[in-house]
Amino acid sequence: MDRNHQEKTLSPNGQAEHGAPDRASIHSTTATTPGAQRRVLVVEDDPTIVEAIAARLRAEGFLVQTAADGPAAVETAAAWHPDLLILDVMLPGFDGLEVCRRVQAQRPVPVLMLTARDDETDMLVGLGVGADDYMTKPFSMRELVARSHVLLRRIERAAVAATTPRPGSVRLGDLEIDRTQRRVRAAGKDIHLTPTEFDLLMCLARSPRAVLTREQLLAEVWDWADASGTRTVDSHVKALRRKIGAERIRTVHGVGYALETPPGFAGEPAVRGQAVNEV
């Protein structure tokens, strides 16, 4: 590929910008099967941005509907049953966080949130109400399409996994992960995880106490590899810690993360008194 190749990105005001690198390392193969089209609902109040996103997704073979405010988004999602929701945070009527809450209460659907501010608090709140991923404006249209495909592939894999016989549960002390039902219990309480959070926890649980790099987690959970995406990993780890307990996931600075295990697990004593570092 020509090293000088550049593609357009969209700024918060909808104007096209140049200079975003071609992220060839991100997979962009379609998640649809022959003869089937995935439905994507794009919720954005800026006409220029929503038209650009819709046109690109339709060119990729998706069926696309759009909505320009919170109430219209919830109504369209209820009637149309999209396979993916691309959702701006700032909307008229009520904001994207409330849209996400209401849509997820109706029917679970993967959500890619768009935000004009690079604010980690906004990102964590979005993940907390059920979003699976987020992008900050200005964003690359190529990357938006790639992340959309990744989210859809993950849902497809989860559906296949749910019908595939396998050992029912993984237990790590009082943490229980039911792989068949994709349910998690910690200290006897049910923990609600998004599909992404569940996949992240399972990835860590497959190798307890082993440190997985951010790049490994990005490749295995998100199915793409790009160093710029490691902050996505950090934000999801932080959201997961809030739900299952910060002490369960250890940070190795400059490397990655490990799922901690109780004393005596696999014949190894747990390290007592070790501080758990936040992201």
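Okay, so let's start with helix α8, which is mostly covered: 12 of its 15 residues are buried. Keep in mind, everyone, that we're looking at a predicted model.

Where does α8 sit in the sequence? It runs over residues 230–244. From its first C-alpha to its last you go 21 Å, close to the 21 Å you'd expect at 1.5 Å a residue. And which residues are tucked away? The buried ones include Thr230, Thr232 and Val233, and further along you find Leu240, Arg241 and Ile244 among them. Don't assume that list is just greasy side chains, by the way: Asp234, His236 and Lys238 are on it too. Right after the helix comes glycine 245, and its phi is positive, near 110°.

Now, over to helix α2, residues 70–80. Which of its residues are buried? They're Gly70, Ala73, Val74, Ala77 and Trp80. If you look down the axis of α2, those buried residues fall within an arc of 155°, so they line one face of the helix. On the face turned away from that buried side, you get the exposed residues Glu75 and Ala79.

So what's doing the covering? For the buried residues of α2, the cover includes strands β3 (39–43) and β4 (63–67), plus helix α3 (96–106).

Have a look at the two ends of α2 as well. At the N-terminal end, aspartate 69 acts as a cap: one of its side-chain oxygens lies 2.8 Å from the backbone nitrogen of alanine 72. Just after the helix, histidine 81 takes a positive phi of about 55°.

Okay, zooming out. How many helices and strands are in the chain? There are 8 helices and 15 strands. Of the 279 residues in the chain, 47% are buried. If you take contacts between residues at least 6 apart in sequence, 62% of them join residues at least 24 apart. The accessible surface comes to about 13,000 Å², and carbon and sulfur atoms own 51% of that.

Last thing: how far do we trust it? The mean pLDDT of the chain is 78, with 72% of residues at 70 or more. But pLDDT stays under 50 over residues 1–8, and again over residues 12–35. The model does have contacts there beyond four places in sequence, 20 for residues 1–8 and 56 for residues 12–35. Still, where pLDDT is low, the predicted coordinates shouldn't be read in detail.

Definitions and conventions:
Residues numbered from 1 in each chain as written. Predicted model: local features only at pLDDT ≥ 70, side-chain atom pairs only at ≥ 80, totals over all residues. Heavy atoms only, no water. Buried < 20%, exposed > 50% of the residue type's maximum accessible area, 1.4 Å probe, protein only. Helix = DSSP H or I, 4+ residues; strand = E, 2+ residues; numbered from the N terminus. Arc of directions from axis to C-beta. Contact = heavy atoms within 4.5 Å. Polar contact = N/O pair within 3.5 Å; in protein donor to acceptor, adjacent residues only side chain to side chain. Areas by Shrake-Rupley, 256 points an atom, 1.4 Å probe, with all protein chains shown as cover. pLDDT = per-residue confidence, 0-100. Expected span 1.5 Å × (residues − 1).
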